[in-house]
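Please look through the model shown here before reading the report that goes with it. The report is meant for someone meeting this structure for the first time.

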Amino acid sequence: MQLFNLFKEDKWVRPFLRKYRRSLILALVLGFATFFCASALMFNSGYLISRSASLPENILLVYVPIVLTRAFGIGRPVFRYLERLTSHNWVLRLTSRLRLKLYQTLERDAVFFKSRHQTGDVLGLLSDDIAHLQNLYLRTVFPTVTAWMLYLFIILGLGWFSWWFGLVMLLFFGVIVFVFPLWSLLANAARQERRKQLRTQLYTDLTDNILGVSDWIFSQRADEYLNTHRQHEQQLAAVKAKLQQFDRRRDFMVQVVFGVIAIMLLVWSSFRFPGSHGGAANWIAAFVLSIFPLVDAFAPLSQAAEETNIYQDSLLRLNKLPENEKQMTATTVEPPRGPYTLKIDQVSYTYPRAIKPALKELSLTIKPGEKLAILGRSGSGKTTLAHLLRGDLKPSSGLVTLNGQSTWKMTQQISHFIGVLHQSPYLFHTTLSNNLRLADENATDQQLWAVLERVGLKELVKQLPQQLETEVDEAGLRFSGGERHRLALARILLQQVPIVILDEPTVSLDPITEQALIETFNQQLKDKTLIWITHHLQGLSLMDKIIFIEDGQLQMSGSPTELAANNRHYQRLLAVDRGIWKNE
């Protein structure tokens, strides 16, 4: 019932059901015709064999069964092929639309999705949930509806010959059509849910650990990771084994019921069509043999029913996705005009499943052209603040605004106002000019050379084999760390954004390269608002203001000169950074 309730509120699958309803109806009719031909073939074959064995006086007496046997014999594979062609084409069209819709949803709100989900969640949506909806039709909807149509046809057909026997068959076929599927659903619901959870956990753990596999190896804990992974796989294998054991026992019982039905048909037809050596007795084999092809139509019902738990979970996840992303997606707002002021007003943010907030009631105003340094230990909330400033995250409470507009509502527009230089800038495996034109695809070669000169790379690029058209190795390995940072700065200069966030861009560089980059940043970004997130104190004397964040809260704020003269905590940080601090 929960699956049907989900369908009522469904915004992913139902629209396509209406759009492709003709193909769906055609697939169901062809599925019914396939099993009807299979059963009718055996029915005519049984009658033909019995009639031929009774030595008919004229070949014309068996001519009609011969023609019908040929017709149904040809019709069964033809209808089967057409049914498979139609149903699979329908399902593939449906799932291709679903995948397109999912990709567009993730692409449109990629940052917001990433802020609340892990990579394994994305893989689970792409590989598991869409595939489950594909199986929902191929393994559940089509077989179930076809079986119900056959069930109704069989009961009406037998009822035409004998109403009381039709009621008996209504009961016995009802056991196969309703009782066994319901039993499977109730018995395996918890196991199916457990299997789904374990598989989702494996997706999440695998992606997380594979992305960080080098840290497992360097910490000499690779065996520990492998053992943990094996335990999860063993748990999943144990659940699968229990499911398979139940399925084998249930399938055996289904075959037993079909055997009982075949015997009852034999007994009933013997009394209904009495006689010997032809006549009415020829119908006995026809009725008994017609039941056997129907096993393939009714046997999958129990398996189809127990898998509905998986489908409803997938439907639930997909329908939650657009709802949640819609809440996060911002509408287009009027672009603010400069000068640009960033304001953080009583902002708190807590990550999903986190115990404590990353930021707590933080307030701060960043004026146009101000040079601000944000200090703090790792995990203190510095990077979270940067994401909030960029609009990548929506505050749990409070506001982050650019000239009065919430940054998270500005979506793609925010990139025209705020640029970010990360600690590990990425260069794509394409030409140097293409990498630079990520900032401005219409930039001329003259503009590219100009920004390269500003960041001190013009002479280096001129010495490359094809200069601007030189292929950059994957991840930019052709260039050193400092050179990659300068190229990232060149992108920002091409963007011409008024506000730049430097997210610990020099953390992995040697002191000489770090100092050279700091001087380049300060010189080239002197006319912009600069927000520098760091845990080093080198170059902070060039800043207008310094703040220190500890446990998500603002601990100190002031100019470098004021803090160095009056703030004991900052004086201690300076001493530690210069290597002259001693515990008192």
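The sections below go from the whole chain to its sheets, its cores and a few single residues.

## The chain and its confidence

This is a predicted model, and its protein chain holds 21 helices and 10 strands. Of the 584 residues in the chain, 46% count as buried, and the accessible surface comes to about 30,700 Å², with 57% of that area belonging to carbon and sulfur atoms. Among contacts in the protein chain with a separation of 6 or more, 75% are accounted for by residues 24 or more positions apart.

The mean pLDDT of the protein chain is 76, and 74% of its residues reach 70 or more. Confidence is lowest in helix 5 (residues 110–116), where the mean is 50, and highest in helix 11 (residues 295–298), where it is 88. Over residues 322–331 the pLDDT stays under 50, and for this stretch the model has 22 contacts beyond four places in sequence. Where pLDDT is low, the predicted coordinates should not be read in detail.

## An open antiparallel sheet

An open sheet is formed by 4 strands in the order 2-1-4-5, and the pairing in it is antiparallel. Strand 2 (359–366) and strand 5 (405–406) stand at the edges with a single partner strand each, so one side of each is left without a neighbour in the sheet. Strand 1 and strand 4, which run antiparallel, are joined by 5 bridges, and Ser348 stands opposite Ser397 in strand 4.

Strand 4 (residues 397–402) also pairs with strand 5 in the antiparallel sense, over 2 bridges. Here Leu402 stands opposite Gln405, while the bridge partner of Thr401 is Ser406. These two strands, 4 and 5, form a hairpin with 2 residues between them, and Asn403 in the turn has a positive phi of about 50 degrees. Helix 14 (residues 382–390) lies across strand 1 (342–349), strand 2 and strand 4, and runs at about 125 degrees to strand 1.

## Leu362 in strand 2

Is Leu362, a residue of strand 2, buried or exposed? Leu362 counts as buried because its relative accessible area is 2%, which falls under the 20% limit for that class. The C-alpha atoms of Leu362 and Val347 are separated by 4.9 Å, although the two residues are 15 residues apart along the chain. Leaving aside neighbours within four places in sequence, Leu362 is in contact with several residues, including Ile344, Asp345, Val347, Leu385, Ile549 and Leu554.

## Strand 9 and its partners

All 6 of the 6 residues of strand 9 (residues 545–550) are buried, so the strand is largely enclosed by the rest of the structure. Both of its faces are covered, with Lys545, Ile547 and Ile549 buried on one side and Ile546, Phe548 and Glu550 buried on the other.

Strand 9 pairs with strand 3 (residues 371–375) in the parallel sense over 4 bridges, and with strand 10 in the antiparallel sense over 5 bridges. Ile546 takes part in both pairings, since Ala373 stands opposite Ile546 and the bridge partner of Ile546 in strand 10 is Gly558. In the hairpin of strand 9 and strand 10, which has 2 residues between the strands, Asp551 takes a positive phi near 55 degrees.

Just beyond this pairing, Ser559 has its place in the loop between strand 10 (553–558) and helix 20 (560–566). Ser559 counts as buried because its relative accessibility is 18%, a value under the 20% limit. Not counting residues up to four places away in sequence, Ser559 touches Asp544 and Lys545.

## Two nonpolar cores

The largest nonpolar core has 42 residues, and those with the most contacts inside it are Leu452, Leu502, Leu525, Leu540 and Tyr570. Helix 18 (residues 481–495) gives the most to this core, with 7 residues. Leu525 touches Lys371, Leu489, Leu493, Val500, Leu502 and Leu530, not counting residues up to four places away in sequence. Apart from this core lies another, of 30 residues, among them Val254, Ile261, Ile291 and Ala297.

Key:
Residues numbered from 1 in each chain as written. Predicted model: local features only at pLDDT ≥ 70, side-chain atom pairs only at ≥ 80, totals over all residues. Heavy atoms only, no water. Pairing = 2+ DSSP bridges. Contact = heavy atoms within 4.5 Å. Axes fitted to C-alpha atoms, helices over the stretch in contact; angles between N-to-C directions. Core = buried A, V, L, I, M, F, W, Y, C linked by side-chain atoms within 4.5 Å. Buried < 20%, exposed > 50% of the residue type's maximum accessible area, 1.4 Å probe, protein only. Areas by Shrake-Rupley, 256 points an atom, 1.4 Å probe, with all protein chains shown as cover. pLDDT = per-residue confidence, 0-100.
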